[in-house]
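Hi there,

Here is the structure I promised to hand over. Have a look at it first, and then read my notes below.

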Amino acid sequence: MKSIKVVIQNEEGLHSRPASDFCAAAARCDSRIILKKAGDSGEFDGKSILMVMCLGACQGDEVEITADGPDEEEALQKLLDVLTYV
């Protein structure tokens, strides 16, 4: 299990298109993907657009992405690339 923390830079946060892009990338990973927003106790399934949008991550929020599975390193890098691109 590996984790990274990232600050959301996108003006929209993780809503609509950014959430869709994130979930599409997560769905291509074999690892289980979990999202947590700093200060919140809930964990959200990173492969579910509904759950990613329920996270309520806005611009400036810190989010922890956890990957648990055979492609953890690659998954985290792919998801980090998506978040920094959108």
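**What I found**

Let me start with Ser16, which is partly exposed, with a relative accessible area of 45%. You will find Ser16 in the loop between S1 and helix H1 (17–27). Its backbone deserves a look: phi of Ser16 is near 45°, a positive value in a residue other than glycine. Most residues other than glycine have a negative phi. Please keep in mind throughout that this is a predicted model.

**Salt bridges**

How many salt bridges does the structure hold? There are 5 salt bridges, and I will walk you through some of them. As background, side chains of opposite charge can pair when their charged atoms come close.

One of the bridges joins Lys2 and Glu73, whose closest N and O atoms are 3.2 Å apart. Lys2 belongs to strand S1 (residues 2–7) and Glu73 to helix H3 (residues 72–85), so this pair ties together parts that are 71 residues apart in sequence. Lys2 is partly exposed, with a relative accessible area of 35%.

Next, please turn to Lys37. Which residues join Lys37 in one network? Begin with Asp40, which forms a salt bridge with Lys37, the closest N and O atoms being 3.9 Å apart. Asp61 also meets Lys37 in a salt bridge, at 3.8 Å from N to O. The pair of Asp61 and Lys37 links distant parts of the chain, 24 residues apart: Asp61 sits in the loop between H2 and strand S4 (62–68), while Lys37 is in strand S2 (residues 32–37). Through shared partners, these salt bridges join Lys37, Asp40 and Asp61 into one network.

Are the members of this network buried or partly exposed? Lys37 is buried, because its relative accessible area of 16% falls under the 20% cut-off. Asp40, in contrast, is partly exposed at 40%, and Asp61 also counts as partly exposed, with 22% relative accessibility.

**A nonpolar patch**

Finally, here is something to find on the surface. Ile49, Leu50 and Met53 make a nonpolar surface patch of about 260 Å². Of these residues, Met53 is found in helix H2 (residues 49–55). Met53 is partly exposed, with a relative accessible area of 34%.

If you would like a route through the model, begin at Ser16 in its loop, go on to the bridge between Lys2 and Glu73, then visit the network of Lys37, Asp40 and Asp61, and end at the patch that includes Met53.

Enjoy exploring, and best wishes!

Key: Residues numbered from 1 in each chain as written. Predicted model: local features only at pLDDT ≥ 70, side-chain atom pairs only at ≥ 80, totals over all residues. Heavy atoms only, no water. Patch = residues over 30% accessible without salt bridge, like charges linked within 9 Å, V, L, I, M, F, W, Y side chains within 5 Å. Areas by Shrake-Rupley, 256 points an atom, 1.4 Å probe, with all protein chains shown as cover. Salt bridge = Lys/Arg side-chain N within 4 Å of Asp/Glu carboxyl O. Helix = DSSP H or I, 4+ residues; strand = E, 2+ residues; numbered from the N terminus. Buried < 20%, exposed > 50% of the residue type's maximum accessible area, 1.4 Å probe, protein only.
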